[in-house]
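This report describes selected local features of a single protein chain, followed by its overall composition. The sequence and the coordinates are shown below.

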Amino acid sequence: MAANYSVGAPNGGWDLQTPIQAWANSQNFSVGDSLTFVYAPNHDVLEVTKTDYDACGTKNPVASYNGGMTIISLTSSGNRYFICGSQGHCDRGMKVVITTLGSSAAPPPATPSAPPPSAPSPATPATPPATRAGSPTASTPVNSPVPSKTTAPVHAPMKAPSVSPSKSPPAKISSPASSPAIPNTNSPAIPPFPGASSPSTTPSSASKISGLTMGLGSVIMMLLTL
């Protein structure tokens, strides 16, 4: 709430006997508060600049008040400078600097902030499967990695080179006519029948004649033994 301060009260006022600056330093002035100057007819109230405050200059006041009681509202924050305009009173200490701080209105009650959401409990890690591939467990020995089989490229079957058969010379068939005649020692030679034509000596019938001769000789020998 805005407050009204009586300058120098309760043990003094706007006069030469009260340590007015010590009183002001003990107060907390806020925007919206007000000051009440109560003084005798031989005093007045001048609001001045800092330069005139330091030099007790009374010729160019910001504002001038008299009448025995003056109420001044503190409408902005910062410093304001007041002196008495009577001759020699400012030099004797009848001056004051009022420092106004922010607004005097009570701040609205703080709205209780909602409690921060509790941090979610960490999810229980899923138990890894006992037989998880590639991960060693306490009961399963670590197996060395099995190298992957490299698939050999499939090549088209090679065509065997064609080998032309070598031309071997035909085997010569030995002619029976050229082989020497085996003499028959068991029977005498039988002369050929008269008028019989001599057998052909062609290589194809020579063997037949030789076999027939031997068979005929065997028949004759059987007849002679009878």
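In this predicted model, strand β4 spans residues 45-48. The side chains of V45 and E47 point one way from β4, while those of L46 and V48 point the other way. In a regular strand the side chains alternate between the two faces of the sheet. V45, L46, E47 and V48 are all buried.

Strand β4 has two pairing partners to be described here, β5 and β7. With β5, which covers residues 63-65, β4 pairs in the antiparallel sense over three bridges. Within this pairing, V45 stands opposite Y65 of β5. The strand β7 comprises residues 78-83 and is also joined to β4 by three bridges, the two running antiparallel. Here E47 of β4 is placed opposite F82 of β7.

V45 recurs in the surroundings of T70, a residue of strand β6 (residues 69-73). Apart from neighbours within four places in sequence, T70 is in contact with L35, T36, F37, Y39, V45 and Y65. Thus both V45 and Y65, which stand opposite each other across β4 and β5, are found among the contacts of T70. The side chain of T70 also makes a polar contact of 2.9 Å with the side chain of Y39.

The next topic is the cysteines. Which cysteines form a disulfide? C56 and C90 do, with their sulfur atoms 2.2 Å apart, and a search of the whole structure finds one disulfide. C56 lies in the loop between α2 (50-55) and β5, and C90 lies in the loop between β7 and β8 (95-103), so the pair ties together parts that are 34 residues apart in sequence. The disulfide is left-handed because the torsion about its S-S bond is about -70°.

Why does C84 not bond to C90? The closest cysteine sulfur to that of C84 is in C90, at 8.4 Å, and this is too far for a bond; a disulfide requires sulfur atoms within 2.5 Å.

The loop between β7 and β8 also holds M94. Leaving out neighbours within four places in sequence, M94 is in contact with W14, D15, L16, I20, H43, I83, C84 and H89. C84 is therefore one of the contacts of M94, given heavy atoms within 4.5 Å. The C-alpha atom of M94 is separated by 8.2 Å from that of P19, although their positions lie 75 residues apart along the chain as a sequence separation.

The relative accessible areas of the residues discussed above are collected here.

| Residue | Relative accessible area | Class |
|---|---|---|
| C56 | 17% | buried |
| C84 | 0% | buried |
| C90 | 4% | buried |
| M94 | 0% | buried |
| T70 | 5% | buried |

C56, at 17%, counts as buried because the class extends to values under 20%.

Turning to the whole protein chain, its secondary structure comes to three helices and eight strands. From the N terminus on, these elements follow the order β-α-β-β-β-α-β-β-β-β-α. The chain has 226 residues, and buried residues make up 22% of them. Of the contacts between residues at least 6 apart in sequence, 69% join residues at least 24 apart. The accessible surface comes to about 17700 Å², with 62% belonging to carbon and sulfur atoms.

Terms used: Residues numbered from 1 in each chain as written. Predicted model: local features only at pLDDT ≥ 70, side-chain atom pairs only at ≥ 80, totals over all residues. Heavy atoms only, no water. Buried < 20%, exposed > 50% of the residue type's maximum accessible area, 1.4 Å probe, protein only. Helix = DSSP H or I, 4+ residues; strand = E, 2+ residues; numbered from the N terminus. Pairing = 2+ DSSP bridges. Polar contact = N/O pair within 3.5 Å; in protein donor to acceptor, adjacent residues only side chain to side chain. Areas by Shrake-Rupley, 256 points an atom, 1.4 Å probe, with all protein chains shown as cover.
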